[in-house]
Amino acid sequence: MFQLTRSVTWQSLLKLREETANDRIRDYFAADPKRFDKMSLRVGGLFLDYSKHQISDKVLDKLMELAEHSALVQRRAQMFSGDIINVTEDRPVLHTALRNLGDTPVIADGKDVMPEIHATREQIKRFSEEVRSGAWKGYSGERIRDIVNIGIGGSDLGPNMASRALLKYRQADLNFHFVSNVDGAHIQKVLRSLDPATTLFIVSTKTFSTQETLLNARTARRWFIENAGDDADIGAHFIAASTNRKAAMEFGIREENVFEFWAWVGGRYSMWSSIGLPIALAIGYDGFIEMLEGAYEMDQHFLSAPLSNNMPVLMALIGIWYINFVGAETQAIVPYDQALHQLPAFLQQLDMESNGKSVDIFGRPVDYKTGPIVWGQTGSNGQHAFFQLLHQGTRYVPIDFIASLKPEPGVEDHHFALLTNMLAQANAFMEGSSQGGDLDPYSCPGNRPSSVLLLDELTPRNLGALIALYEHKVFVQGVIWNINSFDQWGVQLGKRIAGEISEKIDERSQDFDASTQGLLGLVREHFSAAETPRNKHADKATKTSRKGASSKHDAATKP
């Protein structure tokens, strides 16, 4: 059976690493004045410079050979056509269909999924326009002023990041709040400033069973009833994005206000679906469609461009070089744009939840590194925090610098300083400095690699393309590593054990290790039997259900 690390190409790359280990990036530029032109690429409103990497022409050729000898072309076609490539969950992977704006059928399980996608888009359009125009009224007849998205993971990070990144497009008279943490302080802080008469809650959960999301949703519903009164219409203030229509309706959400998405949409890829409803509410449906259009443009580039001129493929191969052959453990994402301050957290989930795997698609342990630790924050802040380690420390950390070229009116001087700082840092990481020899404390060794990604402007379209670029990069790496980028059994394990512990909180169970038992004992001391979270929440859920059922508008509520 094929073993990646024993392939001729892999062995050639190991040898090339030995041969080029002492190469200086700046020497590559001296040897080839056209290196920047050869190692830069534009797709729509995105420009990528990947010339500042410790990658020679020979290395790049061999990396390209690695991609060509992999199942990439086949798996890429399978993903877009609706074949089952999430093999452990026996599902297709069709987030790309969500931004397919044409009429070309996409078949999954023998059925064209595009009519349902179009129908959900129309539902998003109607609802977002009603809320934004003020036609949607709360129980008191007032328009909605505050929108609270309750979700976690992909149901929070994507819409949260995009809504904040596109703040300048946001409707001024709508306020947006995102609640994800199960820590009660999070939702309490948000609820404290809200008026139930003018607040809309979006419960975003794929299965309508996610513990953290449901706990926050029940708290929000209890707050609503206690502050709005028994006769207040829950259905006018709670909607859901979920595959589980029945559970959402039992919560008290009207059937027509359950926004569908599908089992073949992974959480971290779901912002293109009804999980992206907060984005449509924030920037308008037309802006949401523009974001889909940008992602679709990147999809088409990924599908049709030669591998040697394919932006996601090139970024993936550069990452594989550092992870598998140079020994880098992490990847820094550094946006020089405050609007993108949540992008590193979003990409952290996208990459680490997708490719944090140690077995291949056949269930065999791998003998090579897979996904990196992804981290980062905005650039000008990072310069005065972690950049010191990147410049002079012992860690080898490739960096993706990201910025938009167009400044906001009135702050052109700020934007000029931002961009020049970014370019200076990319240059300094490559060039380094040596004022008094290798042991000089002022010396920075340089030869630290980076890519620069420039957006013509931070627009919905360009943001969509940027996110799709990283999605496809992660997919390419997963294919070459022969792992399944679309399951997350580690996440499921934690959920399962949390449920077991919650169920047995009242018992002196021997099912857990001595440490867990001891810690449970400390937790138990702070809750009487009647006040354990399990009993307390069950009791309150029952009371809330009775209140909800008494509503003249919401008699069907049965949580």
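# Legends to the close-up views

**View 1. Asp90, an exposed residue in a loop.** Asp90 is exposed, with a relative accessible area of 56%, where exposed stands for over 50% relative accessible area, buried for under 20% and partly exposed for what lies in between, with a 1.4 Å probe and protein chains only. The model is a predicted one, in which local features need pLDDT of at least 70 and side-chain atom pairs count only at pLDDT 80 or more, whereas totals for chains, interfaces and linings use all residues. Residues are numbered from 1 along each chain as its sequence is written, and side-chain values use heavy atoms, with hydrogens and water left out. The loop that holds Asp90 runs between strand E3 (84-86) and strand E4 (91-92); helices (H or I, at least four residues) and strands (E, at least two) are DSSP runs, numbered from the N terminus. Phi of Asp90 is positive, near 55°, in a residue that is not glycine.

**View 2. The whole chain, as a setting for the other views.** The chain contains 22 helices and 15 strands. Its radius of gyration of 25 Å is close to the 24 Å that the globule rule gives for 559 residues, so the chain is as compact as a globular protein of that length; the radius is taken over C-alpha atoms, and the rule is 2.2 Å times the number of residues to the power 0.38. The C-alpha trace spans about 80 × 60 × 55 Å along its principal axes, and 53% of the 559 residues are buried. Among contacts (heavy atoms within 4.5 Å) between residues at least 6 apart in sequence, 72% join residues at least 24 apart. About 24100 Å² of the chain is exposed area, of which carbon and sulfur atoms supply 52%, by the Shrake-Rupley method with a 1.4 Å probe. The chain carries 58 positive and 68 negative side chains, and the centres of these two sets lie 3 Å apart; Lys and Arg count as positive and Asp and Glu as negative, without His and the chain ends.

**View 3. Ile55, a buried loop residue and its contacts.** Ile55 sits in the loop between strand E2 (46-49) and helix H4 (57-68), and its relative accessible area of 2% makes Ile55 buried. When residues up to four places away in sequence are not counted, Ile55 touches Tyr28, Arg35, Met39, Leu60, Leu63, Ile318, Trp321 and Tyr322. Asp173 is 118 residues from Ile55 in sequence, and the two are 50 Å apart in space, C-alpha to C-alpha.

**View 4. Thr213 and Ala217 in helix H10.** Thr213 lies in helix H10, which covers residues 211-228, and is buried, with a relative accessible area of 2%. Beyond its neighbours within four places in sequence, Thr213 is in contact with Ile150, Gly151, Ile152, Val203, Ser204 and Thr205. Ala217 belongs to H10 and is buried, with a relative accessible area of 0%. Residues up to four places away in sequence aside, Ala217 touches Ile150, Val203, Phe238 and Phe251. An α-helix has 3.6 residues a turn, so residues three or four places apart point the same way.

**View 5. Helix H8, mostly covered.** H8 (residues 154-165) has 12 residues and reaches 16 Å from its first C-alpha to its last, close to the 16 Å expected at 1.5 Å a residue, the expected span being 1.5 Å times one less than the number of residues. Of its 12 residues, 10 are buried, among them Gly154, Asp156, Pro159, Asn160 and Met161.

**View 6. Helix H19 and the residue that follows it, Asn482.** H19 (residues 460-481) has 22 residues and reaches 32 Å from its first C-alpha to its last, close to the 32 Å expected at 1.5 Å a residue. The helix is mostly covered, with 21 of its 22 residues buried. Asn482 lies in the loop between H19 and helix H20 (489-503), and its phi is positive, near 60°, in a residue other than glycine.

**View 7. Phe401 in strand E14.** Phe401 is placed in E14, residues 399-404, and is buried, with a relative accessible area of 0%. Its contacts, neighbours within four places in sequence left aside, include Val334, Tyr336, Phe387, Met422, Phe429, Ser450 and Leu453. The C-alpha atoms of Phe401 and Ser450 are separated by 7.1 Å, although these residues are 49 apart along the chain.

Notes. The place of a charge is taken as NZ of Lys, CZ of Arg, CG of Asp or CD of Glu.
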